[in-house]
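Got the viewer open? Let's walk through this one together, one selection at a time.

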Amino acid sequence: MTRMTPFSNPLLLGFDSMEKTLERIAKSGDSYPPYNIERIRNTDGRGERLRITLAVAGFSEQDLEVATEENQLLVRGRQNDETEREYLHRGIASRQFQRVFVLADGMRVLSAELKNGLLAIDLDRPEPERLVRKINISVKD
């Protein structure tokens with residue numbers, strides 16, 4: 001029996017990679033670090049910006065990396081374990097993480113700012129140009 005997916009419609013051409021991306025996202029269940037995504041309206045009413053805010057308490061600027069690879073925004077955190085400390089109780093783990101956000105075509109990362117344990121990453125999506133192109137039909141005898 002063939003599995004039906006939202007992209008199995010014959011009118012949707014070239015969406016194979018999107019289907020694979022959605023399957024990969026569904027399988028990733030890690031919820032650390034917690035994050036918010038906000039929509040920020042531009043003052044002129046055109047277009048929009050997005051802000052991703054991750055709770056990264058205990059991480060310094062040197063412990064964090066924000067990068068884009070192809071159509072993905074990657075946020076990585078790595079803390080160095082300080083060996084000179086002797087803990088009587090250790091309830092705050094220094095664990096590494098990698099959080100991946102899939103970006104739509106045209107999305108741009110504007111900035112990343114670390115303040116009070118929150119890493120805010122601003123993105124925008126410029127208004128796309130409306131491209132209309134007429135395709136000539138050739139007739140062959």
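Start by selecting Asp124: this residue is buried, with a relative accessible area of 12% (buried is under 20% relative accessible area, exposed over 50%, partly exposed in between, using a 1.4 Å probe and protein chains only). Add Arg108, its salt-bridge partner, with the closest N and O atoms 2.7 Å apart (a salt bridge puts a side-chain nitrogen of Lys or Arg within 4 Å of a carboxyl oxygen of Asp or Glu). Arg108 sits in strand 6 and Asp124 in strand 7, so the pair ties together parts that are 16 residues apart in sequence. Strands here are DSSP E runs of at least two residues, numbered from the N terminus. Arg108 is partly exposed, at 43%.

A quick word on what you're looking at: this is a predicted model, where local features need pLDDT of at least 70 and side-chain atom pairs count only at pLDDT 80 or more, while totals for chains, interfaces and linings use all residues. Residues are numbered from 1 along each chain as its sequence is written, and side-chain values use heavy atoms, with hydrogens and water left out.

Next, select Arg51 and Asp122. They form a salt bridge too, with the closest N and O atoms 2.6 Å apart, and link strand 2 to strand 7 across 71 residues. Arg51 is partly exposed at 24%, whereas Asp122 is buried at 10%. Now add Arg49: salt bridges that share partners join Arg49, Arg51 and Asp122 into one network. The structure holds five salt bridges.

Switch to cartoon view for the sheet. Four strands make an open, antiparallel sheet in the order 1-2-7-6 (two strands pair if DSSP finds at least two bridges between them). Which strands stand at the edges? Strand 1 (35-41) and strand 6 (108-115) do, each with a single partner strand, so one side of each has no neighbour in the sheet. In the middle of your selection, strands 2 and 7 pair over eight bridges; find Ala55 opposite Leu118 there.

Now go to Arg76 in strand 4, which is buried at 17%. Its side chain makes a polar contact with the side chain of Gln98 at 3.0 Å (N or O atoms within 3.5 Å; within protein, one able to donate a hydrogen and the other to accept it, with residues adjacent in sequence counting only if both atoms are side-chain atoms). Arg76 also forms a salt bridge with Glu69, closest N and O atoms 3.6 Å apart.

Last stop: Leu73 and Val75, which have the most contacts inside the largest nonpolar core, a set of 15 residues (buried Ala, Val, Leu, Ile, Met, Phe, Trp, Tyr and Cys residues joined through side-chain atoms within 4.5 Å).
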